[in-house]
Amino acid sequence: MRREVFVVGQNVPAEEEYDAHDVDGATHYLVRATDGTPCGAARWRKTEAGVKLERFAVLSNYRNQQAGAALLEQVLQDVDAQYPGAIVYLHAQLPAVRFYERHGFEKVGEMFEECDIQHYKMIRR
């Protein structure tokens, strides 16, 4: 899933997409469409700065159908249960900024690039 979205779809080098946090230290999620087809993924992990949400990916055929919103809602619910009051942040790709703003995040700082893709750091209000 992440390979299709990031490595194939956005030309992110595989060695940048997959890291040590995939094996150790992160909680992973998989969202399925109503027919059971896997269509989205995400992970989160505790850092020195709070809780970082990462690797949110929804297959293009399932975007704008609430899969990403359901995924984000579940992740935030679980993070809040495990780390109440923690600072929750992420690095949002430019096209996803409005999505995260609708879900209570705000941009912090200047735009930056990761893997040649423009991002903003965002923190949950």
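## Close-up views of a predicted model

Tyr83 comes out as partly exposed, because its relative accessibility is 27%. Keep this residue in mind as we go through the views; the model shown is a predicted one.

**View 1. Trp44 and Tyr83 form an edge-to-face aromatic pair.** The structure holds 4 aromatic pairs. In the one shown here, the ring centres of Trp44 and Tyr83 are 5.9 Å apart, with 85° between the planes. Trp44 belongs to strand S2 and Tyr83 to the loop between H3 and S4, so their pairing ties together parts that are 39 residues apart in sequence. Trp44 counts as buried because its relative accessibility is 4%, whereas Tyr83, at 27%, is partly exposed. Tyr83 has a charged companion too: Lys46 lies over the face of its ring, 5.5 Å from the ring centre.

**View 2. Phe56 meets Tyr100 within a cluster of rings.** What kind of pair do Phe56 and Tyr100 make? With ring centres 6.3 Å apart and planes at 85°, the pair is edge-to-face. Phe56 sits in strand S3 and Tyr100 in helix H4, so this contact ties together parts that are 44 residues apart in sequence. Both residues are buried. Ring pairs join Phe56 and Tyr100 with Phe99 and Phe105 into a cluster.

**View 3. The largest nonpolar core has 28 residues.** The members that touch the most others are Leu53, Phe56, Leu72, Val75, Tyr100, Phe105 and Met122. Two or more core residues come from each of S1, S2, S3, H3, S4, helix H4 (97–102) and S6. Which element gives the largest share of this core? Helix H3 does, with 7 residues. Look closely at Leu53: leaving aside neighbours within four places in sequence, its contacts include Trp44, Leu72, Val75, Val88 and Phe105. As a general background, nonpolar side chains tend to be buried together in soluble globular proteins.

**View 4. Six strands make an open, mixed sheet.** The strand order is S1-S2-S3-S4-S6-S5. Strand S1 (27–32) and S5 are the edge strands, each pairing on one side only. On average, neighbouring strands are turned by 25° against each other, direction ignored. At one edge, S1 pairs with S2 (residues 38–47) in the antiparallel sense over 6 bridges; here Val31 has Gly40 in S2 as its bridge partner.

**View 5. S6 pairs with S4 and with S5.** Strands S4 (residues 88–93) and S6 (residues 117–124) run antiparallel and are joined by 5 bridges. Gln93 is partnered with His119 in S6. Between S5 (residues 105–114) and S6 there are 7 bridges, again antiparallel, with Phe105 opposite Arg124 in S6. S5 and S6 form a hairpin with 2 residues between them, and Cys115 in the turn has a positive phi of about 50°. Also in view, the charged end of Lys121 sits over the ring of Tyr89, 5.0 Å from the ring centre.

**View 6. Helix H3 lies across the strands.** H3 (residues 67–82) crosses S1, S2, S3 (50–58), S4, S5 and S6, and runs at about 160° to S3. Is Ala67, found in this helix, buried or exposed? Ala67 is buried, because its relative accessible area is 11%, and the cut-off for buried is under 20%. Not counting residues up to four places away in sequence, Ala67 touches Val31, Cys39, Val58 and Tyr62. Ala67 and Ala41 lie 26 residues apart in sequence, with 9.7 Å between their C-alpha atoms.

Definitions and conventions: Residues are numbered from 1 along each chain as its sequence is written. This is a predicted model: local features need pLDDT of at least 70, side-chain atom pairs count only at pLDDT 80 or more; totals for chains, interfaces and linings use all residues. Side-chain values use heavy atoms; hydrogens and water are left out. Two strands pair if DSSP finds at least two bridges between them. Helices (H or I, at least four residues) and strands (E, at least two) are DSSP runs, numbered from the N terminus. Axes are lines fitted to C-alpha atoms, for helices over the stretch in contact, and angles run from 0 to 180 degrees between N-to-C directions. Contact means heavy atoms within 4.5 Å. Buried means under 20% relative accessible area, exposed over 50%, partly exposed in between (1.4 Å probe, protein chains only). A nonpolar core is a set of buried Ala, Val, Leu, Ile, Met, Phe, Trp, Tyr and Cys residues joined through side-chain atoms within 4.5 Å. Rings of Phe, Tyr and Trp (its six-membered ring) pair if their centres lie within 6.5 Å; planes under 30 degrees apart count as stacked, over 60 as edge-to-face and the rest as tilted. A charge sits over a ring if NZ of Lys or CZ of Arg is within 6 Å of the ring centre and within 35 degrees of the ring normal.
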